[in-house]
Amino acid sequence: MTDIRLQRMAHTLVHYSLALKKGDRLAIDAGPVAAPLVREVMREAYRVGAYPEPFITLPGVREMMFQESSDEQLAYIPAARRVIYEHYETLLEIRSEENTQELSAVDPGRMAIRQQVWGDLVKTFMNRSAEGSLRWCSTLFPTNAYAQDAHMSLGDFEEFVYGACFLNDENPITRWQEFSA
């Protein structure tokens with residue numbers, strides 16, 4: 001049985017944070033550990049009439065990219081990512097790291113190459129966001145890695161995150177609207 005808080009989180013993300021509408025394309029970036037939330041977001045997006053599409057990043061892949069790719073490969077921007085940033089109506093990033101130190105040994109020069117190449121696409125993303133043609137949201141899914149960084153057990157960290165998101169309330173959207181006001 002799905003945790004009611006994940007259902008509430010998905011409902012809040014879809015209806016409040018992203019204001020998803022029928023026909024919207026929704027890209028969902030997440031790690032595999034966030035699968036329970038991804039499923040609930042997709043379920044809610046389908047109910048709205050949107051087109052959700054998950055993009056799952058496997059643990060260790062980013063580190064491998066920085067360590068094993070050529071400069072040319074590092075400078076490549078995947079076509080799907082370009083389409084999302086330039087054409088999709090909505091984007092949800094579910095931060096769900098399983099190892100928050102994954103990139104700690106990566107050469108900063110390699111990271112700078114990647115960041116420079118993505119600069120124009122990030123500008124497009126920010127411009128579309130500012131004009132309202134791209135609605136996006138970033139949220140956090142509690143993982144052992146985040147709990148360890150916070151010096152908490154996973155259960156305590158989940159309670160912290162879900163409480164901060166008002167997910168223990170029957171109607172978190174009302175609480176977010178009050179908070180916003």
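**Exercise 1. Against which elements do the buried residues of α8 pack?**

Work from the predicted model shown above, and find which residues of α8 are buried and where they lie around the helix axis.

*Solution.* Begin with the helix itself: in α8, the residues F157, V161 and Y162 are buried. Next, consider their directions around the axis, where they cover an arc of only 125°, so they lie on the same side of α8. Then look at what meets them, and the buried residues of α8 are found to pack against α1, β4 and α7. Finally, follow the chain past the end of the helix, where α8 is followed by F166, a residue whose phi is positive, near 65°.

**Exercise 2. Describe the sheet, giving the order of its strands, its edges and its twist.**

*Solution.* The sheet is open and is formed by four strands, which come in the order β2-β1-β3-β4 with parallel pairing. The edge strands are β2 (51-56) and β4 (135-140), each of which pairs on one side only. From one strand to the next, the twist averages 15°. To examine one pairing in detail, take β1 and β2, which are joined in the parallel sense over six bridges; within this part of the sheet, I28 has P54 of β2 as its bridge partner. A helix can then be added to the picture, since α1 lies across β3 and β4 and runs at about 155° to β4.

**Exercise 3. Identify the largest nonpolar core, and say which elements supply it.**

*Solution.* The largest nonpolar core has 29 residues, and those with the most contacts inside it are L26, I28, L37, V41, L92 and I94. At least two residues of this core come from each of α1 (4-17), β1 (25-30), α2 (35-48), β3 (90-95), α7 (144-149) and α8 (154-164), while α2 gives the most, with six residues. To see the surroundings of one member, take L92 and leave aside its neighbours within four places in sequence: L92 is then in contact with L13, L18, L26, A27, I28, D29, V41, C137 and T139. A second core, separate from this one, has 11 residues, including I84, Y88, L91 and L134. As a general background to such groupings, nonpolar side chains in soluble globular proteins tend to be buried together.

**Exercise 4. Compare three salt bridges by their closest N and O atoms and by the accessibility of their partners.**

*Solution.* A search of the whole structure finds 14 salt bridges, and three of them are worked through here.

- **R5 and D3.** The closest N and O atoms of this pair are 2.8 Å apart. R5 counts as buried because its relative accessibility is 11%, under the limit of 20%, whereas D3, at 28%, counts as partly exposed.
- **E44 and R47.** Here the closest N and O atoms are 3.4 Å apart. Both residues lie in helix α2, three residues apart, which is about one turn of the helix. In general, an α-helix has 3.6 residues a turn, so residues three or four places apart point the same way. E44 counts as buried at 11% relative accessibility, but R47, at 61%, counts as exposed.
- **R175 and D169.** The closest N and O atoms are 2.5 Å apart. R175 is partly exposed, with a relative accessible area of 31%, and D169 is likewise partly exposed, with 23%.

As a last step, look for salt bridges that share partners: these join D3, R5 and E159 into one network.

Definitions and conventions. Residues are numbered from 1 along each chain as its sequence is written. This is a predicted model: local features need pLDDT of at least 70, side-chain atom pairs count only at pLDDT 80 or more; totals for chains, interfaces and linings use all residues. Side-chain values use heavy atoms; hydrogens and water are left out. A nonpolar core is a set of buried Ala, Val, Leu, Ile, Met, Phe, Trp, Tyr and Cys residues joined through side-chain atoms within 4.5 Å. Buried means under 20% relative accessible area, exposed over 50%, partly exposed in between (1.4 Å probe, protein chains only). Contact means heavy atoms within 4.5 Å. Two strands pair if DSSP finds at least two bridges between them. Axes are lines fitted to C-alpha atoms, for helices over the stretch in contact, and angles run from 0 to 180 degrees between N-to-C directions. The arc is that of the directions from the helix axis to the C-beta atoms. A salt bridge is a side-chain nitrogen of Lys or Arg within 4 Å of a carboxyl oxygen of Asp or Glu.
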